[in-house]
Amino acid sequence: MTTRYRVEYALKAHRRDALIEFIKGLLAVPFVIHSQPTATADDISLPDMAGNAHRRYTEIMKDVEALINDHITCQNEGRPERSKLRFLVPSVGTFFTPLALVDAFIAQDERRAISSRRFVAPSFNDIRIILNTAQIMSLARRGPLKLVTFDGDVTLYDDGQSLTPCNPVVPQMLNLLRRNINIGIVTAAGYSDGARYRDRLYGLLDATADPKNGLTPQQQRNLIVLGGESSYLYRSSPGSEYGLEKISRAEWQLPEMCEWKEEDIQHLLDIAEKSLRESVNTMRLNASVVRKERAVGIIPASGHKFEREQLEEAVLVAQKTLDLSDVGKRLPFCAFNGGNDVFVDIGDKRLGVLCCRQYFGGLGGGETLHIGDQFLSAGHNDFKARLAATCVWVSNPAETVKCLEELTNLLDPQVQN
């Protein structure tokens, strides 16, 4: 008999984050025990309630922090399957640094009043933001942070928009460059020339080139754009056309990427295109199919917007179709929901971040931070970046700015060498 739990899991598993759900479940117990929903606003017991909840929440964060440290130890010994956290959360991945969860919770409790809430339990977003702060604290304390990579849409700018000069993230990115921290923008947008990237990123490119901002020539070159997930690399170059210089694949491709065969690439894209066309026909979508050198996707007709469920269906159908194909087992690919389109790219964010790490001299995952907005398990192209770097999960560009402000405040005020 199919239980409601199994139906819910089948329908929503791709929209969950197992570690966050695990922590959320742990925090739900003290919330239920200590919250006082029937108390009045002037009840003298409310401060005691908040104090007790804060203490219990902090204890849980300390325990989870210890579980993560044990997992890292097992990772480093080559036996991650022996970690208790892997037993409790089977899908948990790689940790490149410990997480300062206790300190992060204390900081976010001060801002979000988590312990003082009587009706709203610690939420998915509360825990996501605590994890973000914990990761930023760990990177700032342990250091050195040498590379920050970013997704584009919804991370640096609103979906389908551009990085304009007035975007508040621009001065934060300039601060990173001044500290000699490299920047990589790893975007699904795949263009074979620099003009289109110039259109999307002109605010940052102009600011990087402006002498008033005080960047050295080397710091200007420490900004790169990796497009099509891991297909085209451009370096900031104020003297070049569009302010970008295209870098030969031979200078940044990983060894595994050099082994890809062009016939395999086109065969995978053929299968993906057929799957997407079937989704268009099956769901009667008002859409066009777009085929690029290393990607294929569906985009809506002018003025039309897809429903979220339609986007997810098209992504999951393409993902499963390619997973079952022989070529899909040989080539890495990424099927993702772009907000109002669906694309299948050759390569993925894991490779994109690894390429950035290699380009800047073979940096480690613990020296790299990836900031993105799509970290759920399917249809979200930042998910695999977790295999290549520490990560921060934001929900909009304003959160990106807050995270960078937090990072800047925690870093040593002296410029990094």
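At what angle do helix α5 (residues 101-112) and α6 pack, and how far apart are their axes? They pack at an angle of about 125 degrees, with axes 8 Å apart. Welcome to a predicted model, in which local features need pLDDT of at least 70, side-chain atom pairs count only at pLDDT 80 or more, and totals for chains, interfaces and linings use all residues. Residues are numbered from 1 along each chain as its sequence is written, and side-chain values use heavy atoms, with hydrogens and water left out.

**View 1. Helices α5 and α6 meet at an oblique angle.** Helices (H or I, at least four residues) and strands (E, at least two) are DSSP runs, numbered from the N terminus. Axes are lines fitted to C-alpha atoms, for helices over the stretch in contact, and angles run from 0 to 180 degrees between N-to-C directions. Angles under 35 degrees count as roughly parallel, over 145 as roughly antiparallel, 65 to 115 as roughly perpendicular and the rest as oblique. The crossing of α5 and α6 is right-handed (the near helix is turned clockwise from the far one by less than a right angle; anticlockwise would be left-handed). Among the residues in contact (heavy atoms within 4.5 Å) are Phe-105 and Arg-111 in α5, and Ile-129 and Met-137 in α6. The contact of α5 with α6 holds 9 nonpolar, 3 polar and 5 charged residues. Here Ala, Val, Leu, Ile, Met, Phe, Trp, Tyr, Cys and Pro count as nonpolar, Asp, Glu, Lys and Arg as charged, and the others, Gly among them, as polar.

**View 2. Seven strands line up in an open, mixed sheet.** The order to follow is β5-β4-β3-β2-β1-β10-β11. At the edges you will find β5 (244-247) and β11 (390-393), each pairing on one side only; two strands pair if DSSP finds at least two bridges between them. From one strand to the next, the twist averages 25 degrees. Helix α6 (residues 124-142) packs on this sheet, touching β10 (368-372) and β11, and its direction makes about 140 degrees with that of β11. Strands β2 (residues 182-186) and β3 (residues 223-227) run parallel, joined by 4 bridges; Ile-185 has Val-225 in β3 as its bridge partner.

**View 3. Helix α7 lies across β1, β2 and β3.** Helix α7 (residues 169-178) runs at about 135 degrees to β2. The axes of α7 and helix α8 (residues 194-209) come within 10 Å and cross at roughly 45 degrees, which makes the two helices oblique. Val-170, Met-173, Leu-174 and Leu-177 of α7 meet Gly-203, Leu-204, Ala-207 and Thr-208 of α8. These residues divide into 6 nonpolar, 2 polar and no charged.

**View 4. Four antiparallel strands form an open sheet.** The order is β6-β7-β9-β8. Because β6 (287-291) and β8 (333-337) each have a single partner strand, one side of each is left without a neighbour in the sheet. The twist averages 15 degrees from one strand to the next. Helix α11 (residues 262-282) touches β6, β7 (295-300), β8 and β9, while helix α12 (residues 308-323) lies across β7, β8 and β9.

**View 5. Confidence along the chain.** The mean pLDDT (the predictor's confidence in each residue, from 0 to 100) is 90, and 92% of residues reach 70 or more. Over residues 1-14 the pLDDT is below 50. Where pLDDT is low, the predicted coordinates should not be read in detail.
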